[in-house]
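Biologist: Could you take me through one part of this structure in some detail? I would like to hear how a pair of helices packs, and then what lies around it.

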Amino acid sequence: MDELVTAEAPGFPSDPGARPGVSAPEPPSRAAGALRSARRALGVVPFGVYMALGLGAPLIAVVVGAFQSPNGGGFTLSNVKTATSGVYLHGFSQSIVLSVIASVLPGILGLLLAYAIWSARRGAVLRRVAITASAVFANFGGVPLAFLFIATLGSSGLATKWLNDLGFNLYGHGFSLYTLSGVAVVYMYFQIPLMVLVILPALEGLRPAWREAAANMGARTWQYWRHVGGPVLLPSFLGCVLLLFGSSLSAYATAEAMTSGTIPLTSIQIGSFLNGNVLAGQQNVGKALGLGLVVIIAVAMILYVILQRRAARWLQ
Amino acid sequence: MAAVAGAGSQLGDGQVAGGQPRGGLPRGRAGTRDGFTPWRWLILIVAGVYFLIPLYAAVRFAGWGSFGSVVHQSGFTSSLGLSVRLAAITTVITLVLMVPTAVYVHLRLPRLRRLMEGITILPIVIPPVVLIVGLLQVAPGFLKGTPYLLALIYVVLAMPFAYRSLDAGLRAFDLKTLVEASNSLGGGWGSTLWRIVLPNLRTAMLSATVLTVALVLGEYTMASLDLYQTFPVWIVVFDQTSGPISVAASLLALFVTWLFLLVITVLGTRQARRTGGGEVNLFAVARRNSGRTS
C-alpha cells in the first residue's frame, strides 16, 4: 500500500514554459505512476497469493466458523460464549501464564547463550555446532521431548536421583514435572534454541565500532551496555520474547504429551475438538477457541511490530 | 551482561565503580572479546548441562541395543520416506517461491521489507493447531486426500525461517549494484537472476534449506491431526508398542538431523569461501569474511 505513495510520478520537467504542449501534466502522470506501481507490485503477487491461500483462508475459515451455529450455519455468539467460560476460560488463563513464564525466562537465557556464541570470535566451530543444534532443538518436541524429561526430572529420573544423592529432594520441595513450572522447564528445551536463532541477527546489528567508540570515550563495559548495547538490543529482545510467547502459546505436541489433562491448555482443547471429542451443538467451539488464541497473538503481534520499528530506527 | 569482558578495561579495573559485577575478569589484564572468559564458560556449561543431561538419561533408558533395531521396525521406512519426500517438496516450493520474491522486494520494493517481515513472521506465532483446523475446512477435496497438502502448508510454516535467511543473505552483498552492472552489460532478468544473484545467495539458500528440512522432519502437530504417519507421528504411535525403541528412534532422528545440518553448513561454508560469499549462519549471513584476505 505504501507503494502507491512512494512511486514517484515520472519526471516531467518542472519548467512549464519549455513545454507548452503539456497543459495538464498531473492526471496522466498520476495514472502512469499508479500503473507503474501496480506493475511493480506484480512481483510479489505469487507470494501474496500463496500466503492468502495458505494462511489467510484457513484463518478466515476459523474466524467465520467461530460465529456460526453448527446446525444451519446461522450467526451465533454461543460458541464464543462457551469458549470464554468455565474450563475453556481457565485454559486461556493457564495458557497465558505458562506462555509468559516460558517466554521471558528462555528469552533471557537464550540471549545470554546467543551472546556467548556470537562473541566467541575464534569459536567458528563452536558457533557452527551451536547454531545447527539450535535449529534442530527448536523443532524438537512432543512425546520424545516429554520422554527426555521424564527420564531426567521425573520422580525416578536421572537428575532427580543425582540431586537426591546430593541430599536435595526435588519432589520434596514441591517440584513436579506435571505442573505449570515443570512444563515450563520442558518448554525451555525448544524455546531457548529458538531464541538463539531469532536474536542472532539483532546481535549482528551491534557494530563493533560502537563498542570501540564508547571505549575511546572512556565508557566502561557496564556503561556501554547501559547506554549503547542495551538500548539497541532492547526492542529486538522484546520482539523476540513476544515471538517466544506465541510459540509457547501454539505448542501442541509437547503439551499433549506432558499434560494429558492435568493442566488445561487451549491448544490441547482445540486439538481435542479436531479429534472428534465433541458434545452435540459444540462443534464450532474449537474454532472460537482458535479465534481466542489468534486475538491474543494479534495483540502480541501489534506490540511486536511497534518494537521492530523502533529497533530498525536504531540500527539504521 | 555487565560482566562481559570488554574494551572498557583499558582504564584499569581499579576504577570500576557502582559495584557492578565484573565477573571473573582478571584484574589488571585487558579482557579480550576473543578469549573464552569465565562468564562465557559458565553460560556454555550451564546450557550444555541442561541440553545434554536429558539426552544422556534417554540414551541410558533406551539402551544401546535399541538403536540397532530401530531400522527393522514396521513402519520405519515408510514413515521416514514420507517425511523425507515432504521435506524435499517443501524445500523446492519454498525456494522457488521465496528467492524471487525476496530478491524482487529488495530491488524494487524496499519499502515493503518491513511489511514482508511482519507477514512472514506470522506463521511462527499462529498456532499450527488453529491453522490445520481452518485448512482442513477450506482445502479442496483432491488435496485433502493426499499427504502433500502437508507439504503445501509446511511452506507457510517454513516461511519465517526461509525469508529471514534469504533477507539476511541479500543484505550481505550489494545486490543493486551487481544487478545494475549486469543489466548495463545487456544481461536480461533471467540471466541476471541465474548468473549473478543465485551464486551470491547460495549460502543464504542453504540456510533456508537447512531450517526448512529441520522443521519438516520434526513437525508433529499438523501431520498427526491430518492423520498422516510422518516420522514424528510414527515415533509416537510406535511408543505404545515399544517405549525404548521409540525413544531410540527419536534420539536417532535428532542426531541424524543435526549431523545432516552440520554437514550442509560445513560444505556450504567451504563452497562460499571459495566463491567469496558469507558464512552459513542459518539465520543471518551478515558476518562475511571482510574480503581483505584475498
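Modeller: Happy to; what follows is a look at two helices of chain B, then at a loop and at the side facing the other chain. Please keep in mind that this is a predicted model.

Two packed helices are described by the angle between their axes and the distance between the axes. For helix α4 (residues 113-125) of chain B and helix α7 (residues 148-171) of chain B, the axes come within 7 Å and cross at roughly 130 degrees. An angle over 145 would count as roughly antiparallel, and 65 to 115 as roughly perpendicular; α4(B) and α7(B) are therefore oblique to each other. The crossing of α4(B) past α7(B) is left-handed. On the α4(B) side, the residues that meet α7(B) are Met116(B), Thr120(B), Ile121(B), Pro123(B) and Ile124(B). Their partners in α7(B) are Val156(B), Leu157(B), Met159(B), Pro160(B) and Tyr163(B). By class, this contact has nine nonpolar residues, one polar and no charged ones.

Now to the loop between α10 (221-225) and α11 (231-239) of chain B, where you will find Leu227(B). Phi of Leu227(B) is near 65 degrees, a positive value in a residue that is not glycine. With 10 other C-beta atoms within 10 Å, Leu227(B) is exposed, because 12 or fewer counts as exposed.

Finally, the other chain: 84 residues of chain B are in contact with 83 residues of chain A. Helix α1 (residues 38-62) of chain B gives the largest share of chain B's side, twelve residues. That side has 59 nonpolar, 15 polar and ten charged residues.

Note on methods: Residues numbered from 1 in each chain as written. Chains lettered and ligands numbered in written order. Predicted model: local features only at pLDDT ≥ 70, side-chain atom pairs only at ≥ 80, totals over all residues. Helix = DSSP H or I, 4+ residues; strand = E, 2+ residues; numbered from the N terminus. Buried ≥ 20, exposed ≤ 12 C-beta atoms within 10 Å, placed from the backbone. Contact = placed C-beta atoms within 7 Å. Nonpolar A, V, L, I, M, F, W, Y, C, P; charged D, E, K, R; others polar. Axes fitted to C-alpha atoms, helices over the stretch in contact; angles between N-to-C directions. Parallel < 35°, antiparallel > 145°, perpendicular 65-115°, else oblique. Left-handed = near helix turned anticlockwise from the far one by under 90°.
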